[in-house]
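User: Please go through this chain with me, from its overall make-up down to single residues. I would like short reasoned answers.

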Amino acid sequence: MFYALLVLIVGVITALDQITKALVVANIPIGGYVEAIPGLFHLTHIHNTGAAFSILTGQRTFFLIITALFLLIVVFCAVKQILSKPYLLILAVITGGAIGNLIDRLFYGYVVDMIAVDFMNFAIFNVADIFVTCGAIVLVIYTLFFDREPKKEAEA
């Protein structure tokens, strides 16, 4: 049952990402702009062949290989039950985002990005990026603060 939940999480995140990208592609021309919440963010339609802030632009094969390796490692860890359930839940969130961007890279050669924050100079991103980033942050927090061996009482 737990593994079905993991697959559901991955599927919902991937679907949410692909639906938002399809809506943007269908309704906003490339480079177009739609005000969402003034002062907070707007929607635009760009194609990104790199990663965040367009680093490693044009390195499609590299991203495909890295994502495939990540997915293989996650599946291996789940099948072999190497990681605890909290880690698998967090990795399911990251995996959903990774698959969303993988689909774009496989079929289009670029990732569709659309969310642009207005209150600071930041990269334009998409729903998959939100889940990958938030999942990574939660992974670090969980590892640092919650995944600890209980302290043994000092012997008298």
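The questions below concern a predicted model.

User: In what order do the elements of the chain run from the N terminus on?
Analyst: The chain has four helices and three strands. Its C-alpha trace spans about 70 × 35 × 30 Å along the principal axes. From the N terminus on, the order of the elements is α-β-β-α-α-β-α.

User: What percentage of the contacts in the chain with a separation of 6 or more is made by residues 24 or more positions apart?
Analyst: The chain has 156 residues, and 33% of these count as buried. Among contacts with a separation of 6 or more, the share from residues 24 or more positions apart is 66%.

User: Which strands are the edge strands of the sheet?
Analyst: The sheet is open and has three strands in the order β1-β2-β3, paired in the antiparallel sense. Neighbouring strands are turned against each other by 35 degrees on average, direction ignored. An edge strand pairs on one side only, and this applies to β1 (33-37) and β3.

User: Which residue in β2 is the bridge partner of Tyr 33?
Analyst: β1 and β2 (residues 41-48) are joined by four bridges in the antiparallel sense. In this pairing Val 34 stands opposite Leu 43 of β2. For Tyr 33, the bridge partner in β2 is Thr 44.

User: Which residue takes a positive phi in the hairpin of β1 and β2?
Analyst: The hairpin has three residues between its strands. The loop between β1 and β2 holds Gly 39, which contacts Asp 118 and Phe 119 when neighbours within four places in sequence are left aside. The positive phi, near 85 degrees, belongs to Gly 39.

User: How many Å separate the C-alpha atoms of Gly 39 and Thr 49?
Analyst: Gly 39 lies in the loop between β1 and β2. Along the chain, Gly 39 and Thr 49 are 10 residues apart. Their C-alpha atoms are separated by 28 Å.

User: Which strand gives the largest share of the largest nonpolar core?
Analyst: The largest nonpolar core has seven residues: Val 24, Ile 28, Val 112, Met 114, Ile 115, Val 117 and Phe 125. Four residues of this core come from a single strand, covering residues 111-117. That strand is β3.

User: Which residues does Met 114 touch, not counting those up to four places away in sequence?
Analyst: Met 114 is one of the residues of the largest nonpolar core, as are Val 24 and Phe 125. Both of these are also touched by Met 114. The full list is Thr 20, Lys 21, Val 24, His 42, Leu 43, Thr 44, Ile 124, Phe 125, Asn 126 and Val 127.

User: At what angle does α1 run to β3?
Analyst: Helix α1 covers residues 2-27. This helix lies across β2 and β3. Its angle to β3 is about 85 degrees.

User: Are α1 and α3 roughly parallel or roughly antiparallel to each other?
Analyst: The axes of α1 and α3 are 8 Å apart, at an angle of about 30 degrees, and the crossing is right-handed. Angles under 35 degrees count as roughly parallel. The two helices are therefore roughly parallel.

User: Is Thr 14 buried or exposed?
Analyst: Thr 14 has its place in helix α1. Beyond neighbours within four places in sequence, Thr 14 is in contact with Gly 96, Ile 99, Gly 100 and Ile 103. Its relative accessible area is 11%, and the cut-off for this class is under 20%. Thr 14 is therefore buried.

User: Are α3 and α4 roughly parallel or roughly antiparallel?
Analyst: α3 (residues 85-108) packs against α4 (residues 127-146) at an angle of about 155 degrees, with the axes 8 Å apart. Because angles over 145 degrees fall in this class, the pair is roughly antiparallel.

User: What is the handedness of the crossing of α3 and α4?
Analyst: Residues of α3 that meet α4 include Ile 90, Val 93, Gly 97 and Ala 98. On the α4 side, Phe 131, Val 132, Gly 135 and Leu 139 are among them. The crossing is left-handed.

User: Which residue has a positive phi although it is not a glycine?
Analyst: Most residues other than glycine have a negative phi. The exception here has a phi of about 55 degrees and is found in the loop between α2 (60-79) and α3. At 57% relative accessibility it counts as exposed. The residue is Gln 81.

Methods: Residues are numbered from 1 along each chain as its sequence is written. This is a predicted model: local features need pLDDT of at least 70, side-chain atom pairs count only at pLDDT 80 or more; totals for chains, interfaces and linings use all residues. Side-chain values use heavy atoms; hydrogens and water are left out. A nonpolar core is a set of buried Ala, Val, Leu, Ile, Met, Phe, Trp, Tyr and Cys residues joined through side-chain atoms within 4.5 Å. Buried means under 20% relative accessible area, exposed over 50%, partly exposed in between (1.4 Å probe, protein chains only). Contact means heavy atoms within 4.5 Å. Two strands pair if DSSP finds at least two bridges between them. Axes are lines fitted to C-alpha atoms, for helices over the stretch in contact, and angles run from 0 to 180 degrees between N-to-C directions. Angles under 35 degrees count as roughly parallel, over 145 as roughly antiparallel, 65 to 115 as roughly perpendicular and the rest as oblique. A crossing is left-handed if the near helix is turned anticlockwise from the far one by less than a right angle, and right-handed if clockwise.
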